[in-house]
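Morning, everyone. I have one structure to walk through today, and I'll keep it short.

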Amino acid sequence: MKEFDYIIIGGGCAGLSLAYELEVHNKLNNKTLAIIEPRLEYKKDKTWSFWKVTSHNFDDCVKKSWKNFSINIPGKINHLECNNYPYQSIDSGLFYEKINIRLKKNKNIFFFKNLDDIDKKNSFIFNSVPEIKKNHLNLWQHFCGIEIETEKNYFDDSIFNLMDFDCEQRESVHFFYTLPYSKNKALVETTWLSRMNDNSQKDYDNQLKNYLENHLNLKDYKISYKEEGAIPLFYPANKEIKSQINIGTAGGMTRLSTGYTFLNIQEHSKYIRKNIENISNVKKYEIHKKYQFLDEIFLRVLDKHPEKMSNIFFDMFRASPKTVIKFLSNKSNFFEDLSIIFKMPKLMFIKALFY
Ligand SMILES: Cc1cc2nc3c(=O)[nH]c(=O)nc-3n(C[C@H](O)[C@H](O)[C@H](O)COP(=O)(O)OP(=O)(O)OC[C@H]3O[C@@H](n4cnc5c(N)ncnc54)[C@H](O)[C@@H]3O)c2cc1C
């Protein structure tokens, strides 16, 4: 069986981002790489959105970007600007296509469906398959989104809605998220933050229909695409193994308070590429410990007081949007952290330290 210098297990967001980063920086001219990916074909299956707080390789896969957003709770709306850090939405179909076209040009890069097809004992491995242990206490961000097209112009595509809490909460945390791509096209998502034990929360189609028809007052629309997913708001159980680095969700790249992962994956890829010549000895890359700590407290409050969360999110965005965005994107300094912490209900968060 053939041996390779590097193996990437999982050709999804993290695996392909890393392979691309290595390839465009000429790190695979004299090294071989095997990518293990079981899917039979690549097609659009996700929309990755984030505030662009740092550069990345995929500006040409951006479907739309916005400089304004809103957040609302019943009876109140807050309009915010994000001129410094536009919010971008990446079309995964364009992302997969761009990367696969580039990787196929390099004769040192090989694709396999199964790890058993190759000899891995002398390779350095980058693994993106998360080990998820079942635990009924774990929190998830689970959601379903549809892209819709309307006959008449309906949306204001200069502003997206990050969170609309004006909906049933069912003793949980629930909001709708709307990304208007144009005046007559939008992605509308129903999102829950919960333990996912309550199957009734998964009647996503009804939730979306009801929201569109009764809340947005939209009766005449066509659904052109649908995506569904669940992001673990806990770290997967992947172990640290010699000659292996976990990447993507498996490598702890998700910000647990928000589910944002895409840009962290890009930063991790850059870090690996910069250190690839000395990869066996490099320090583990992780989301800064202060965010890990603050997110854990935040999720404890969320778990204990789901009914308070819509106000907590709304109040958080009363700080300067630039500060909140930096905080949610792991780029805030100490003073910015403090200004967010001061917007939180202090007693509730202090108590959460001791749960
Ligand atoms: C629908 C959806 C929307 C999301 N939207 C956002 C967003 O807007 N912004 C954001 O920042 N994050 C978002 N996320 C979170 C995160 O960015 C994505 O989950 C991202 O795809 C994680 O990358 P990954 O490489 O870790 O996992 P994946 O992209 O899922 O890649 C893992 C790959 O491993 C393959 N695989 C599975 N089993 C095996 C096996 N045994 N051997 C080999 N390969 C295997 C899979 O086929 C897959 O291709 C979203 C997640 C989902 C599910």
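The domain assignment splits the chain into three. Domain 1 is discontinuous in sequence, 6–64 + 92–131 + 236–281. Domain 2 covers 140–232, and domain 3 covers 289–352. Keep in mind that this is a predicted model.

Take domain 1 and domain 2. Their C-alpha centres are 29 Å apart. Where they touch, eleven residues of domain 1 are in contact with nine residues of domain 2. On the domain 1 side, the elements that give two or more residues are strand 3 and strand 4, the latter being 62–66. What is the class make-up of that side? One nonpolar residue, five polar and five charged.

Now the ligand. It is surrounded by 29 residues. The closest are Gly 10, Gly 12, Ala 14, Gly 229 and Gly 248. Which elements give two or more residues to this shell? There are helix 1, at 13–24, and strand 3, at 47–51. Then come strand 14, at 221–232, and helix 4, at 262–274. Strand 3 gives the most, with four residues. By class, the shell has 13 nonpolar residues, twelve polar and four charged. Both domain 1 and domain 2 supply at least three residues each.

So strand 3 has come up twice. It serves the ligand shell, and it serves the side of domain 1 that touches domain 2. What does it pair with? One partner is strand 7, residues 87–91, in the antiparallel sense, over five bridges. Trp 48 stands opposite Ile 90 there. Strand 4 also joins strand 7, antiparallel again, through four bridges. In that pairing, Val 62 stands opposite Ile 90. That puts Ile 90 opposite Trp 48 and opposite Val 62.

Look at the faces of strand 7. Which one is covered? The face with Gln 88 and Ile 90. The uncovered face has Tyr 87, Ser 89 and Asp 91.

Next, strand 5, residues 68–73. Six bridges tie it to strand 6, residues 76–81, and the two run antiparallel. Asn 72 has Ile 77 as its bridge partner in strand 6. The two strands make a hairpin, with two residues between them. Gly 75 sits in the turn, with a positive phi of about 85 degrees.

Strand 5 has another partner, strand 11, residues 160–164. Here the strands run parallel, joined by four bridges. Ile 71 is matched with Met 163.

On to the packing. The largest nonpolar core has 72 residues. Which members touch the most others? Ile 7, Ile 8, Leu 18, Ala 19, Leu 33, Val 188 and Phe 262. Helix 1 gives the most to this core, with seven residues. Helix 1 is also among the elements of the ligand shell.

Zoom in on Ile 7. Leave out residues up to four places away in sequence, and Ile 7 touches Ala 34, Ile 36, Lys 120, Ser 123 and Ile 125.

One last residue, Phe 335. This one lies in helix 8, residues 334–341. Buried or exposed? Phe 335 has 8 C-beta neighbours inside 10 Å, so it counts as exposed; the cut-off for that is 12 or fewer. Now compare positions with Ile 9. Phe 335 and Ile 9 are 326 residues apart along the chain, and their C-alpha atoms are separated by 40 Å.

That's the tour. Over to you.

Definitions and conventions: Residues are numbered from 1 along each chain as its sequence is written. This is a predicted model: local features need pLDDT of at least 70, side-chain atom pairs count only at pLDDT 80 or more; totals for chains, interfaces and linings use all residues. A residue is near a molecule or strand if its C-beta atom, placed from the backbone, lies within 6 Å of it. Ala, Val, Leu, Ile, Met, Phe, Trp, Tyr, Cys and Pro count as nonpolar, Asp, Glu, Lys and Arg as charged, and the others, Gly among them, as polar. Domain bounds come from an automatic or database domain assignment. Two strands pair if DSSP finds at least two bridges between them. A nonpolar core is a set of buried Ala, Val, Leu, Ile, Met, Phe, Trp, Tyr and Cys residues joined through C-beta atoms within 7 Å. A residue is buried if 20 or more other C-beta atoms lie within 10 Å of its own, exposed if 12 or fewer, and partly exposed in between; C-beta atoms are placed from the backbone. Two residues are in contact if their C-beta atoms, placed from the backbone, lie within 7 Å.
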